[in-house]
Amino acid sequence: MKILVADDSKTNLALITDAINKLGHEVIPAHSGRQALEIYQENRPDLIILDVMMEDIDGFECAKQIRTIDREDWIPIIFLSGSVDDESIAKGIDAGGDDYLTKPFSEITLAAKIKAMQRISDMRLKLFEMTQNLYLMSSTDSLTGVYNRLQFDRSIKEILAATDRNHKKAALLFIDLDNFKAINDTFGHHIGDLLLIEVAKRLKLCVRSKDFISRLGGDEFAIILSDIEDTKEAEQIAEKIINTLSVDYNIEGHHIKNGSSIGVAFYPHASTTRENLVLNADVAMYHAKASGRNNFQVFSETLNDRYRKKISLEHALKFALERKEIFLTYQPIFNLKTNKICGVEALASWDHPTFGLVSPNIFIPIAEESGLINLLGEWILLTACKDASEWPLESVEDFRFCINISSRQLNQESFYQNVMNILRNTNLKPNQIEFELTETAVMSFSSQPFKDTIQRLHNLGIRISIDDFGTGYSSLVRLKHLPINTLKIEKSFIQDTIASKNGAIIVNCLIALGKNLGLNVIAEGIETIEQLKFLIDNECPYGQGFILSKPLDSSSVKKYLEEKINTKVKI
Ligand code: C2E
Ligand code: MG
Ligand code: MG
């Protein structure tokens, strides 16, 4: 043990030092109360022995001051005194002492008292370690080792207070992984956990050691950058994180791709309170997700306005069905060899009294996020099938009636049964129906129940089409395992065919790919005669686009089919 002994009598000090040394302990001598206090602060001893009577600061006063310096760290104190009466015992204990040793002392008593104090000291150390561990446990995320939400709440307060004091800036980054749910569903939770650990490791590499990293839960991380000079600095870090996290992962032999979306908000600029900062980083993150993921967005008032608009759209969408604001149109699909109509695609539109026409590109994602998609999707399916039951479908050979289905609908257990009921009630045959699933949806939702539902629908005779093909990243291996009938080439590729040489090559390859896989290929969004000619020259079997026909209402489709109108475009 390291024992601090204070006595202003040199002889006494030498005597006790000698005795303690004999017991195998180290002595730090102090010749006065003041010196004892100085040594205590610089050189934390394990035990303190204080002479009660010292000239400058006496033992009791010395103990009192030691206890005020460090209330938490209780180092045992023994007083050394010539006489011990009841009153001074009480005074000594009140001052913070633990025991008394009377002068002259026997070495046996000294050894026993030191041993007793050592026990207290050991217990104190254990308690200290336990408290440290408890604190660590309550502040860190046990999976990744970074801080947890509790510590985030504690630290953000402290960091912002320091930012105020130093007149600096701070930035809050909310990071959300883009495909985590799909990865968990596909590879299992064990791999999901290992991915999170790797993400935390990579995050540490992107920031300075003083920056605060935490996992708020699930696949959501938060980083607080303190002491930043200007906003560019934080933007550079956000960029670095996007790049670092999107490098492919190799986890137990699985090759995993995963991007991230980041929302950035600055303090005190644009967000003046802690609550605001957190809310604004969240708004920015929402926009990062909405702008195609794998990017970061910095919060601004413009973003906030867009966010508010989204919230009001979300609210209005809840009433859209009962207020009959949603309606369907049907865009014809043509056989490009024969010029004949061979199907239609049902497209949902929303006409709101104040927002006007809202594109499905906007309201479908909102419906998906808010869970409304199941109700909306069911209404769309039923209404479309009811409309189609009025059409003379038999007049067109191999007619395909295409309906867009959201991946969330397929995740619903009741979906298959709903489809069966609707088909029964509308007298449509399964082989007249084709469900369109976007490539991104198929690739990110490849859980077993999802695949099973697709398989069951396919077994029933319903055709499955991959919409917007080319925009997602699909692995051909995975596509091969799904029962697919059709590829729809995304319209931006079609529009590129004439604009660029590469565009033409890509579309050619996509047509060849589809055909080689034995699939139907439909080119979407054909707008010009040149595009149409290109597709025909390159033997794309089917096409759809404004130049061939705009979406029509149900009665126009009926007329179209009755009169067997072919495309008006002469090629
Ligand atoms: P999509 O399934 O790829 O539908 C084709 C979109 O391209 C439609 O846009 C259509 O109006 C548009 N389009 C057709 N021809 C042309 C053309 O020549 N040029 C251009 N620029 N566009 C053309 P719309 O109606 O705005 O739908 C957008 C997307 O919203 C759809 O893309 C689909 O992913 C989704 N969507 C629409 N209706 C539904 C629905 O009932 N359910 C679900 N889940 N999604 C739907
Ligand atoms: Mg579609
Ligand atoms: Mg499409």
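1. Let's start at ligand 1 in this predicted model. Look for Glu-524: one of its polar side-chain atoms lies 2.8 Å from an oxygen atom of ligand 1. Keep this residue in mind, for Glu-524 also appears among the donors of a magnesium ion, ligand 3.

2. Two other glutamates reach ligand 1 as well. In the side chain of Glu-345, an N or O atom is 2.8 Å from an oxygen atom of the ligand. With Glu-527 the partner in ligand 1 is a nitrogen atom, and the distance to an N or O atom of the side chain is 2.6 Å.

3. If you colour the surroundings of ligand 1, you should find 22 residues around it. Those that come nearest are Glu-345, Asp-467, Glu-524, Glu-527 and Phe-546.

4. Now move to the magnesium ion called ligand 3. What coordinates this ion? Asp-467 and Asp-468 each take part through OD, while Glu-524 is listed twice through OE, and the distances run from 2.1 to 2.3 Å. Along the chain, these donors follow the spacing D-D-x55-E.

5. Asp-467 deserves a second look. This residue bridges two magnesium ions, ligand 3 and ligand 2, and the two ions lie 4.1 Å apart. Asp-467 is also one of the residues that come nearest to ligand 1.

6. Are the two aspartates buried or exposed? Asp-467 has a relative accessible area of 4%, so it counts as buried, the cut-off being under 20%. Asp-468 has 22%, so it is partly exposed.

7. Next, an enclosed space in the protein. The count gives one cavity of 30 Å³ or more, and the largest cavity holds about 40 Å³. Its lining consists of Asn-374, Gly-377, Glu-378, Leu-381, Gln-409, Gln-412, Phe-415 and Asn-418. Two elements, helix 13 (373-388) and helix 15 (415-426), each give two or more residues to this lining.

8. Which helix gives the most to the lining of the largest cavity? Helix 13 does, with four residues. Sorted by class, the lining has two nonpolar, five polar and one charged residues.

9. To finish, zoom in on Gln-409, one of the lining residues of the largest cavity. Gln-409 sits in helix 14, which covers residues 407-410. Its relative accessible area is 4%, so Gln-409 is buried. The side chain of Gln-409 also reaches the backbone nitrogen of Ser-406, at 2.9 Å.

Conventions: Residues numbered from 1 in each chain as written. Chains lettered and ligands numbered in written order. Predicted model: local features only at pLDDT ≥ 70, side-chain atom pairs only at ≥ 80, totals over all residues. Heavy atoms only, no water. 1 Å grid on protein atoms, 1.4 Å probe; cavity = no way out; pocket = protein on both sides within 12 Å on 5 of 7 lines; lining within 4 Å. Points joined across faces, edges and corners; volume = space filled by probe spheres on them. Nonpolar A, V, L, I, M, F, W, Y, C, P; charged D, E, K, R; others polar. Donors = N, O, S within 2.8 Å, 3.2 Å for Na, K, Ca; no water. Buried < 20%, exposed > 50% of the residue type's maximum accessible area, 1.4 Å probe, protein only. Near = heavy atom within 4 Å. Polar contact = N/O pair within 3.5 Å; in protein donor to acceptor, adjacent residues only side chain to side chain.
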